[in-house]
Amino acid sequence: MDITLHITDREGVTHSVQAPTDMNMNVMELVRAYELAPEGTIGICGGMAMCASCQCYVLNDVVLPEKNPDEEAMLWEAFNVQDNSRLGCQIHLTEDLDGLAIALAPEA
């Protein structure tokens with residue numbers, strides 16, 4: 001089943017994209033697949049919660065899984081962190097995320 005996510009890129013343009021829930025993808029990989037951020041500016045660590053290049057802001061009240069300790073630690077050190085910051089690589093695409101709206105954080 002595909003779900004729809006609303007992703008605002010770093011230029012402020014919102015893209016409504018279809019996301020498969022059966023491929024074990026995460027939000028960072030989805031952003032890369034749709035080329036919503038320039039190559040080399042997102043997912044630099046490969047999705048290991050080690051760089052914060054995929055930091056995003058959650059804009060609506062879709063329920064997300066809790067942050068794990070690695071994500072908490074990386075956000076503690078990252079720039080431009082807000083209360084609604086998450087690492088896109090740690091948000092796996094599931095049917096529960098249908099309608100999720102996020103904005104990509106500025107490049108650090």
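In this predicted model, strands E3 and E5 run antiparallel to each other, and three bridges hold the pairing on record. Within that pair, Val-58 has Ile-102 of E5 as its bridge partner. E5 also pairs with E1, this time in the parallel sense and again over three bridges. Here Ile-102 turns up once more, since Ile-7 stands opposite Ile-102 in E5.

As for where the E5 side chains go, Ala-101 and Ala-103 point one way, while Ile-102 and Leu-104 point the other way. In a regular strand, side chains switch between the two faces of the sheet from one residue to the next. Despite facing opposite ways, the four E5 residues Ala-101, Ile-102, Ala-103 and Leu-104 are all buried.

Stepping back to the whole fold, the protein chain contains two helices and five strands. Read from the N terminus, these elements come in the order β-β-α-β-α-β-β. The C-alpha trace spans about 35 × 30 × 25 Å along its principal axes. A compact globule of 108 residues would have a radius of gyration near 13 Å, so the 12 Å found for the protein chain agrees with that expectation. Of the 108 residues, 46% are buried. Contacts across the sequence are plentiful too: among contacts in the protein chain with a separation of 6 or more, 62% link residues 24 or more positions apart. The accessible surface adds up to about 6,000 Å², and carbon and sulfur atoms account for 50% of that area.

What sits at the heart of the largest nonpolar core, in terms of touching the most other members? Leu-5 and Ile-7 take that role among the 31 residues of this core. At least two core residues come from each of strand E1 (2-8), strand E2 (14-20), helix H1 (27-33), strand E3 (55-58), helix H2 (69-77) and strand E5 (101-104). H1 is the top contributor, giving four residues. Ile-7 shows how these pieces meet: with neighbours within four places in sequence set aside, Ile-7 is in contact with Val-13, Thr-14, His-15, Val-17, Leu-30, Val-31, Leu-36, Ile-102 and Leu-104.

The loop between H1 and E3 offers two residues to look at, and Thr-41 is one of them. Is Thr-41 buried or exposed? Thr-41 has a relative accessibility of 11% and therefore counts as buried, given that the cut-off for burial is under 20%. The side chain of Thr-41 makes a polar contact of 3.3 Å with the side chain of Arg-10. That same Thr-41 side chain also reaches the backbone oxygen of Pro-38, at 2.6 Å. Beyond its neighbours within four places in sequence, Thr-41 is in contact with Arg-10, Ser-53 and Glu-107.

Met-48 also lies in the loop between H1 and E3. Met-48 has a relative accessible area of 54% and so is exposed, the cut-off for that class being over 50%. Once neighbours within four places in sequence are left out, Met-48 is in contact with Cys-89 and Gln-90. Asn-68 is 20 residues away from Met-48 along the chain, and the C-alpha atoms of these two residues are separated by 12 Å.

Note on methods
Residues numbered from 1 in each chain as written. Predicted model: local features only at pLDDT ≥ 70, side-chain atom pairs only at ≥ 80, totals over all residues. Heavy atoms only, no water. Core = buried A, V, L, I, M, F, W, Y, C linked by side-chain atoms within 4.5 Å. Buried < 20%, exposed > 50% of the residue type's maximum accessible area, 1.4 Å probe, protein only. Contact = heavy atoms within 4.5 Å. Pairing = 2+ DSSP bridges. Rg over C-alpha atoms; globule rule 2.2 N^0.38 Å. Areas by Shrake-Rupley, 256 points an atom, 1.4 Å probe, with all protein chains shown as cover. Polar contact = N/O pair within 3.5 Å; in protein donor to acceptor, adjacent residues only side chain to side chain.
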